[in-house]
Amino acid sequence: MDKPLCIEFKKILQVGFTLITTVDDGRSVVTRAVRVSKEYACKGIARIMLNWMDIELHLCRPEVIWHKLTGDITYSPLLQLINQGTYNKISEQDFRFYDTHKRILEIKYNVIRNENPSLKAEYIDVTLLGQVLISTDHKQYLFPEDEIVVEYVPYRLFKSNAPLIVSKRTTVVVSDLNCPQRTLLSISNFWHAPVGMIFAFNVYGCLSENIKKHLILHFAKFLCSPISECKSLRGMSSKGTSWTFLDSAVEKFGFKRAERDGTGLVIAKRRITSKL
């Protein structure tokens, strides 16, 4: 009896899975990934898993109110769900992609760093990030939609979300923190992918010439880690951002604009109920 049961369990695992994260003091869950085997694709498996998740959360975690999703503006079926009224759109963010190689970045970085002995931008830790998230002075300039999106996860402006945002591969940099209307906050993460190493760079606030100082600090942490030969930088900011300053800054570091699938991210949520 044991052997057939193991085989069946393995088969179940091969059908698909859903990965979720709890945020916002336990009030929201975010779908990080939904994967279904090609053999079972287009059979409604993903929808069944999401429905089951709702039922289980409603029964076992009644404090969870919202289910959040992020998806590509161009290709994600989330847009269809928004149009159907199943989800409410929270916000949109734009993407920019840039490519370079390890040696080029290292050379350019060393030259630019030596040209900037004094930087007004500075690292902040998880404690200060938490204070910025709940600061009413900074909210209207940095997070007007009451959300911050990092690594495709939308977080409300709760102090308790700061430890979830900051990880070992996360760097947070700010400048002009004492002047809210001029404050610029950037968050970076990096990971390996088939195209090489992805360096994600999220920007909040008004882009200006200070962005180069932020990049110097982010790249300092990035280059301290073992990195692959090819690198791709993904810039992310609020919808309608002017990318002029970032385009200019990354070009000085040796990055060139690259074409990638998708141009941005849409963030949506819906209230969790016992059934859809």
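**Figure 1. Burial and contacts across the whole protein.** Of the 276 residues of the protein, 47% count as buried in this predicted model. The chain is organised into 9 helices and 13 strands. When contacts between residues at least 6 apart in sequence are considered, 71% of them join residues that are at least 24 apart. The views that follow take up individual helices and loops.

**Figure 2. The crossing of helix α8 with helix α9.** Helix α8, which spans residues 211-223, and helix α9, which spans residues 244-252, have axes that come within 9 Å and cross at roughly 45°. That angle makes α8 oblique to α9, and the crossing of the two helices is right-handed. On the α8 side the contact involves Ile-211, Lys-212 and Leu-215, which meet Phe-245, Leu-246, Ala-249, Val-250 and Lys-252 of α9. Sorted by type, the residues of this contact comprise 6 nonpolar and 2 charged, with no polar ones.

**Figure 3. The crossing of helix α4 with helix α8.** The axes of α4 and α8 come within 11 Å and cross at roughly 130°; the two helices are therefore oblique to each other. Here α4 passes α8 in a left-handed crossing. From α4, the residues that make the contact are Leu-105, Glu-106, Tyr-109, Ile-112 and Arg-113, while α8 contributes Lys-212, Ile-216, Phe-219, Ala-220, Phe-222 and Leu-223. By type, the residues of the contact of α4 with α8 divide into 8 nonpolar and 3 charged, and none is polar. Lys-212 of α8 is thus named in the contact with α4 and also in the contact with α9.

**Figure 4. Lys-108 of helix α4 and its contacts.** Lys-108 belongs to helix α4, which covers residues 102-115, and at 37% relative accessibility this lysine counts as partly exposed. Leaving out residues up to four places away in sequence, Lys-108 touches Lys-252, Phe-253 and Gly-254. Although Lys-108 and Gly-254 are 146 residues apart along the chain, their C-alpha atoms are separated by 6.4 Å. Of the residues touched by Lys-108, Lys-252 is also one of the α9 residues that meet α8.

**Figure 5. The buried side of helix α5.** In helix α5, made up of residues 126-133, the buried residues include Leu-129, Gly-130, Val-132 and Leu-133. These residues cover an arc of only 160° around the axis, which places them on the same side of α5. As a general point, an α-helix has 3.6 residues a turn, so residues three or four places apart point the same way. Among the elements that cover the buried residues of α5 are the helices α6 (136-142) and α7 (162-165), together with the strands β6 (147-150), β8 and β9.

**Figure 6. Thr-183 in the loop between β8 and β9.** Thr-183 is found in the loop that runs between β8, residues 171-175, and β9, residues 184-193. With a relative accessible area of 1%, Thr-183 is buried. Not counting residues up to four places away in sequence, Thr-183 touches His-138, Leu-142, Ser-175, Asp-176, Leu-177, Tyr-204, Gly-205 and Cys-206. The two strands that flank this loop, β8 and β9, are also among the elements that cover the buried residues of α5.

**Figure 7. Asp-24 and Asp-25 in the loop between β1 and β2.** Asp-24 lies in the loop between β1, residues 16-23, and β2, residues 28-36, and Asp-25 lies in the loop between β1 and β2 as well. Asp-24 is buried, with a relative accessible area of 1%, whereas Asp-25, at 47% relative accessibility, counts as partly exposed. Once neighbours within four places in sequence are set aside, Asp-24 is in contact with Lys-68, Tyr-155, Arg-156, Phe-158 and Asn-161. The C-alpha atoms of Asp-24 and Pro-154 are separated by 9.4 Å, with their positions 130 residues apart along the chain. Asp-25 has a positive phi of about 60° although this residue is not a glycine.

**Figure 8. Glu-151 in the loop between β6 and β7.** Glu-151 lies in the loop between β6 and β7, the latter covering residues 153-156. Its phi is near 55°, a positive value in a residue other than glycine. In general, most residues other than glycine have a negative phi. Glu-151 is buried, with a relative accessible area of 17%. The strand β6 that precedes this loop is also one of the elements that cover the buried residues of α5.

Terms used. Residues numbered from 1 in each chain as written. Predicted model: local features only at pLDDT ≥ 70, side-chain atom pairs only at ≥ 80, totals over all residues. Heavy atoms only, no water. Axes fitted to C-alpha atoms, helices over the stretch in contact; angles between N-to-C directions. Helix = DSSP H or I, 4+ residues; strand = E, 2+ residues; numbered from the N terminus. Parallel < 35°, antiparallel > 145°, perpendicular 65-115°, else oblique. Left-handed = near helix turned anticlockwise from the far one by under 90°. Contact = heavy atoms within 4.5 Å. Nonpolar A, V, L, I, M, F, W, Y, C, P; charged D, E, K, R; others polar. Buried < 20%, exposed > 50% of the residue type's maximum accessible area, 1.4 Å probe, protein only. Arc of directions from axis to C-beta.
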